Amino acid sequence: MKVKSFRAPRLLVAATAQGRAILRGFWFLFRTRKLSTLATVLAAALLFFLIHPHDPELLQRISYSHGQPGSSTYAAACFLGTWGDYPTYNLPLALAIWLYGVWSKSSAWRRVAVICFLGATLAGLFDDCFRLTLGRARPDAPVPDGFYGITYAFRGGFQSFPSGHAAAVFGAAAALLVTELPLGLLTTAFALAVVWARMELYRHYPSDVAVGTIIGLYFGLMIGFAAKLRLPRKKQVIPRQPRQPAAP
């Protein structure tokens, strides 16, 4: 009887190869599309400086429960905020897409899973570079709003800016919008609900989610377009052999 070989290791190797190719495309776009990167940075800075002075007032208008438990709105926000986090949403989403690709024997869906994972992961890691160093107090922290620096950034209540939830969920959604539009539209709707929930719970100011969203959109779109690139393979240069002198 012929025994079927176990395919999981080969599929994981293939996923790793797909990820490396997409990252190559991302690096190519990053090096050759500096204007789009500059425009993203300027847009994030402009939004922050426009919104930041009005953060408390805007948060009061957006939030219905004002971070106080007891209402159905607060309960819904808790649900979305809990299940919209990177380990509880982005990783399971990418894994579910990949397993669907394995079940349906579709390499295209397995590639979509890699794209979804990279979009959320790169956006989240870049976001953490600021969130874990600036140390902005959350709206529900018992201290005045402000940036308290890296000495406070690893304490609870001082990781408000930018929003890690917003960066990760929009990183995945934007990547899927480019590569798998129907799924991208669903994940975008969920991403909008998540960023609302974070403000409803008084965990983020509007400027936090605005900048986090821009970070997620940038990395997600870059990964999505990088996955569609067809980069030329490096040609292997074979050194020419020196000509042998003719025999006398």
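At the start of helix α8, the side chain of S163 offers an oxygen that comes within 3.1 Å of the backbone nitrogen of A166. The model described here is predicted, and this polar contact is a convenient place to begin a tour of it. Helix α8 covers residues 164-179, and its 16 residues should span 22 Å at 1.5 Å a residue; the C-alpha atoms at its ends are 23 Å apart, so the expected and modelled lengths agree. Most of α8 is covered, with 14 of its 16 residues buried.

A166 leads on to another helix, since it is touched by T213. This threonine belongs to helix α10, which runs over residues 206-227. Besides A166, T213 touches F170 and V195, leaving aside residues up to four places away in sequence. T213 has a relative accessibility of 16%, and because buried means under 20%, T213 counts as buried. Its side chain also has a polar partner: one of its polar atoms lies 2.6 Å from the backbone oxygen of V209.

A surface feature is found elsewhere in the sequence, where L35, L38 and L42 make a nonpolar patch of about 340 Å². Of these leucines, L38 can be placed in helix α2, residues 34-51. The relative accessible area of L38 is 46%; this value falls between the 20% and 50% limits, so L38 is classed as partly exposed. The two residues examined here thus fall into separate classes, with T213 buried and L38 partly exposed.

How values were computed. Residues are numbered from 1 along each chain as its sequence is written. This is a predicted model: local features need pLDDT of at least 70, side-chain atom pairs count only at pLDDT 80 or more; totals for chains, interfaces and linings use all residues. Side-chain values use heavy atoms; hydrogens and water are left out. Patches are made of residues with over 30% relative accessible area and no salt bridge: like charges are joined within 9 Å, nonpolar side chains (Val, Leu, Ile, Met, Phe, Trp, Tyr) within 5 Å. Accessible areas come from the Shrake-Rupley method with a 1.4 Å probe; for residues, only the protein chains shown count as cover. A salt bridge is a side-chain nitrogen of Lys or Arg within 4 Å of a carboxyl oxygen of Asp or Glu. Helices (H or I, at least four residues) and strands (E, at least two) are DSSP runs, numbered from the N terminus. Buried means under 20% relative accessible area, exposed over 50%, partly exposed in between (1.4 Å probe, protein chains only). A polar contact is a pair of N or O atoms within 3.5 Å; within protein, one must be able to donate a hydrogen and the other to accept it, and residues adjacent in sequence count only if both atoms are side-chain atoms. Contact means heavy atoms within 4.5 Å. The expected span of a helix is 1.5 Å times one less than its number of residues.
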